[in-house]
Amino acid sequence: MRNKTILLASRPTGVPAQENFKFEEREVPELQEGQVLLKSLYVSVDPYMRGRMSDAKSYVAPYAVGEPISGGVVAEVVKSLNEQLPKGTVVLGNLPWQQYIVHSGKGLSHINPDIAPLSYYLGILGMPGLTAYFGLLHIGEPKPGETVVVSGAAGAVGTVVGQIAKLKGCRVVGVAGSDEKIAYLKDELGFDEAINYKTTQNMNQAMTKACPNGVDVYFDNVGGEISDAVYLALNKFARIAICGQIAYYNHTTLPSGMRVEPILLKKSALMKGFIVGDYAKDFPVAAKELADWVQEGKLQYQETITEGFDKIPEAFLGLFTGQNTGKQLVKVAEREV
Ligand code: NAP
């Protein structure tokens, strides 16, 4: 059985490239009692993986050079010596970028294919959806009539943030990087305004125009100049959820720019960073609510699905040039059962 895996070949400096990844073929070992053989179906590529390619200390350990890259994967049990996980079970786990994986079964969660397509468990019903839910509702605390701005608005997290904010009765303004994405946010997802940061000459002016009543909640996926423009438009008692800073992930020096403290002080504003895992104990409740909203048609969901195991690095690299709308995934194989 051919079994390809993708290793971290070297640590990138600045923007990562194909040469930082290495494909290798590995033997599939014989199953031992209690183990299962998993076949990868969908592999998630996520911006946080860029951080793990570096050796800088962070909230999650770096990938080791010469070892497989890992992340969220939906996989099917294709052989089983574990009665908890019979053949045909579909699971979600933190797994290596590998076609077949021998696994003990520990730490895998069962997926119910009847609730939603399998891929949704890596997106709206998985880590990105939960990130949007907790960052917006627990830090942003949006109230009807308030203005919510979200950067990285057309991505996996941003599309969910904006739609939940609409469900909560807010005016929603998104910032994204192409005219197609702007049209999608306004025409398909019902955002009130959207700004293309790549073609906007004066971001401060554009933000003020898009938010005539100021900004009450800012969900930040990006950082940099987009954020500076939002800070200048904040209202009293604004809440800022720092979810991601993708504008800096490929920087080799510490970012510098506007000092936000005087604004936070004058506006009695709250700024809070978070990692979705901070809310782990509340995941089941949130996942249920997200699933209900999807099933009721209240949340729309878009994916960019790249086909083929060999395309995983390319799909990952595309996150930094905005190739994706909604959640970027790679479909590796069809389900057998
Ligand atoms: P995503 O938004 O689906 O994909 C990344 C998007 O970022 C790209 O499509 C691109 O869209 C935009 N982008 C890339 N480089 C940029 C730059 N220099 N300036 C502005 N925009 C840029 O990714 P995601 O999974 O939903 O993640 C969004 C953010 O949330 C990331 O920062 C990620 O690290 C963070 N995150 C945090 C947590 C947490 O626990 N705190 C969990 C999940 C994700 P454009 O075309 O608009 O440029």
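A residue counts as buried under 20% relative accessible area, exposed over 50%, and partly exposed in between (1.4 Å probe, protein chains only). Helices (H or I, at least four residues) and strands (E, at least two) are DSSP runs, numbered from the N terminus.

1. **Basis.** This is a predicted model, in which local features need pLDDT of at least 70, side-chain atom pairs count only at pLDDT 80 or more, and totals for chains, interfaces and linings use all residues. Residues are numbered from 1 along each chain as its sequence is written, and side-chain values use heavy atoms, with hydrogens and water left out.

2. **Helix α3: cover.** How many of the 12 residues of α3 are buried? The count is 10, and the helix is mostly covered. Among the buried residues are A156, V157, G158, T159 and V160. V161, G162, Q163, I164 and A165 are buried too.

3. **Helix α3: length and end.** The expected span of a helix is 1.5 Å times one less than its number of residues. For the 12 residues of α3 that gives 16 Å, and the end C-alpha atoms are 17 Å apart, which agrees. Just after α3, G169 has a positive phi of about 85°.

4. **I164.** This residue sits in helix α3. I164 counts as buried because its relative accessibility is 0%. L122 is 42 residues from I164 in sequence, and their C-alpha atoms are 18 Å apart in space.

5. **Ligand shell.** A residue is near the ligand if one of its heavy atoms lies within 4 Å of it. By that rule 26 residues surround the ligand, and the closest are K181, Y197, Y249, V276 and N324. The shell divides into 16 nonpolar, 9 polar and 1 charged. Here Ala, Val, Leu, Ile, Met, Phe, Trp, Tyr, Cys and Pro are nonpolar, Asp, Glu, Lys and Arg are charged, and the others, Gly among them, are polar.

6. **Where the shell comes from.** Helices α2 (127-140) and α3 (156-167) each supply at least two shell residues. Domain bounds come from an automatic or database domain assignment. Domain 1 (2-123 + 301-331) and domain 2 (127-278) both give residues to the shell, so the ligand lies between them.

7. **Backbone contacts to the ligand.** A polar contact is a pair of N or O atoms within 3.5 Å; within protein, one must be able to donate a hydrogen and the other to accept it, and residues adjacent in sequence count only if both atoms are side-chain atoms. A backbone N or O atom of V157 is 2.8 Å from a ligand oxygen. A polar backbone atom of G177 is likewise 2.8 Å from an oxygen atom of the ligand. For C243, a backbone N or O atom lies 2.9 Å from a ligand nitrogen. Taken alone the ligand exposes 910 Å², and the protein buries 91% of that. Accessible areas come from the Shrake-Rupley method with a 1.4 Å probe; for residues, only the protein chains shown count as cover.

8. **Positive phi outside glycine.** Most residues other than glycine have a negative phi. F237, in strand β12 (residues 234-242), has a positive phi near 65°. F237 is exposed, with a relative accessible area of 54%. S268 also has a positive phi, near 50°. S268 lies in the loop between α7 (261-266) and β13 (270-273). At 35% relative accessibility, S268 is partly exposed.

9. **T5.** Strand β1 (residues 4-8) holds T5. T5 is buried, at 0% relative accessible area. Which backbone oxygen does the T5 side chain reach? The partner is W97, at 3.2 Å.
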